[in-house]
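The following exercises are to be worked with the sequence and the structure at hand. Each task is followed by a solution in steps.

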Amino acid sequence: MVETFEILTSHAGLHDITPTIRQRVERSRVESGLCTLFIRHPSASLLLQENADPSCQRDLEVWLNRLVPEGDALYTHTNEGEDDMPSHIKSMLTQSSLAIPVLAGQLLLGTWQGIFLWEHRQNSHERKLAMHLNS
């Protein structure tokens, strides 16, 4: 089963999409299998990360922004603004897909794990995702 859907982001940074994905897995009635997620954009990414302490997410955002700053004079791809090329580099350094086991109809995430969409652009975007569930 493959399903496509959109997630609206309001700003750059990590957006917890765990509840949305859990709901879709439960609705699918797949009892045992694999949930594969894929983001269909070159300027956003997916991440499994700690979801208990928001300071972890802030630290990741600060670190990546320091590693890949906006406005670097080396960038030539700036068609859509100062965050254009940095968003592509950030996407390259992170992940475009995730694979999460499903057991007893539930995502087999660790206690402190969450699924995040990492928006690398400053403005809001409708991000298209594909979810493949197989059993």
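Helices (H or I, at least four residues) and strands (E, at least two) are DSSP runs, numbered from the N terminus. The model is a predicted one.

**Exercise 1. Two loop residues with positive phi**

Task: Locate Arg29 and Ala104, and classify each as buried or exposed.

Solution.
Step 1. Arg29 lies in the loop that links H1 and E3. Its phi is near 70°, a positive value in a residue other than glycine.
Step 2. The cut-off for an exposed residue is a relative accessible area over 50%. Arg29, at 70% relative accessibility, therefore counts as exposed.
Step 3. Ala104 belongs to the loop between E5 and E6, and its phi, near 55°, is likewise positive in a residue other than glycine.
Step 4. With a relative accessible area of 54%, Ala104 is exposed.

**Exercise 2. The five-stranded sheet**

Task: Give the strand order of the open sheet of five strands and state which strands stand at its edges.

Solution.
Step 1. The order is E1-E8-E3-E5-E6, and the pairing is antiparallel.
Step 2. E1 and strand E6 (106-107) have a single partner strand each, so one side of each is left without a neighbour in the sheet.
Step 3. At one edge, E1 and E8 pair in the antiparallel sense over eight bridges; Leu8 has Glu126 in E8 as its bridge partner.
Step 4. At the other edge, two bridges join the antiparallel strands E5 and E6, and Val102 stands opposite Leu107 in E6.
Step 5. In a regular strand the side chains alternate between the two faces of the sheet. In E1, the covered face consists of Glu3, Phe5, Ile7 and Thr9, whereas Val2, Thr4, Glu6 and Leu8 form the uncovered one.
Step 6. Leu34 is found in strand E3 and, at 31% relative accessibility, counts as partly exposed. Beyond residues up to four places away in sequence, Leu34 touches Ala99, Ile100, Pro101, Val102, His132, Leu133 and Asn134. The C-alpha atoms of Leu34 and Ile100 are separated by 5.8 Å, although these residues are 66 residues apart along the chain.

**Exercise 3. The nonpolar cores**

Task: Which residues have the most contacts inside the largest nonpolar core, and which elements each supply at least two residues of this core?

Solution.
Step 1. In soluble globular proteins, nonpolar side chains tend to be buried together.
Step 2. The largest nonpolar core has 21 residues, and those with the most contacts inside it are Ile21, Cys35, Leu107 and Ile115.
Step 3. At least two residues of this core come from each of strand E1 (2-9), helix H1 (18-28), strand E3 (32-39), E4, strand E5 (97-103), E7 and strand E8 (125-134).
Step 4. Leu107 touches Ile21, Arg22, Val25, Cys35, Ile100, Pro101, Val102 and Ile115, leaving aside residues up to four places away in sequence.
Step 5. Another core, of seven residues, lies apart from it; Leu47, Leu64, Tyr75 and Phe116 are among them.

**Exercise 4. The three-stranded sheet and its helix**

Task: What is the order of the strands in the open sheet of three strands, and which helix packs on the sheet?

Solution.
Step 1. The strands follow the order E2-E7-E4 with antiparallel pairing. Strand E2 (13-16) and E4 are the edge strands, each pairing on one side only.
Step 2. Neighbouring strands of this sheet are turned by 35° against each other on average, direction ignored.
Step 3. Seven bridges connect E4 with strand E7 (residues 113-119) in the antiparallel sense; Gln49 stands opposite Gly114 in E7.
Step 4. H2 packs on the sheet and touches E2, E4 and E7, its direction making about 140° with that of E4.

**Exercise 5. Helix H3 and Arg121**

Task: Where do the buried residues of H3 pack, and is Arg121 buried or exposed?

Solution.
Step 1. Asp84, Pro86, Ser87, Lys90 and Ser91 are buried in helix H3 (residues 84-93). Seen down the axis of H3, the buried residues fall within an arc of 165°, so they line one face of the helix.
Step 2. These buried residues pack against strand E4 (44-50) and helix H2 (54-67).
Step 3. Ser87 is buried, with a relative accessible area of 0%. Apart from residues up to four places away in sequence, Ser87 touches Pro42, Ser43, His120 and Arg121.
Step 4. Arg121 is found in the loop between E7 and E8. At 7% relative accessibility, Arg121 counts as buried.
Step 5. With residues up to four places away in sequence not counted, Arg121 touches His11, Ala12, Ser43, Glu80, Asp83, Asp84, Ser87 and Arg127.

Note on methods. Residues are numbered from 1 along each chain as its sequence is written. This is a predicted model: local features need pLDDT of at least 70, side-chain atom pairs count only at pLDDT 80 or more; totals for chains, interfaces and linings use all residues. Side-chain values use heavy atoms; hydrogens and water are left out. Buried means under 20% relative accessible area, exposed over 50%, partly exposed in between (1.4 Å probe, protein chains only). The arc is that of the directions from the helix axis to the C-beta atoms. Contact means heavy atoms within 4.5 Å. Two strands pair if DSSP finds at least two bridges between them. Axes are lines fitted to C-alpha atoms, for helices over the stretch in contact, and angles run from 0 to 180 degrees between N-to-C directions. A nonpolar core is a set of buried Ala, Val, Leu, Ile, Met, Phe, Trp, Tyr and Cys residues joined through side-chain atoms within 4.5 Å.
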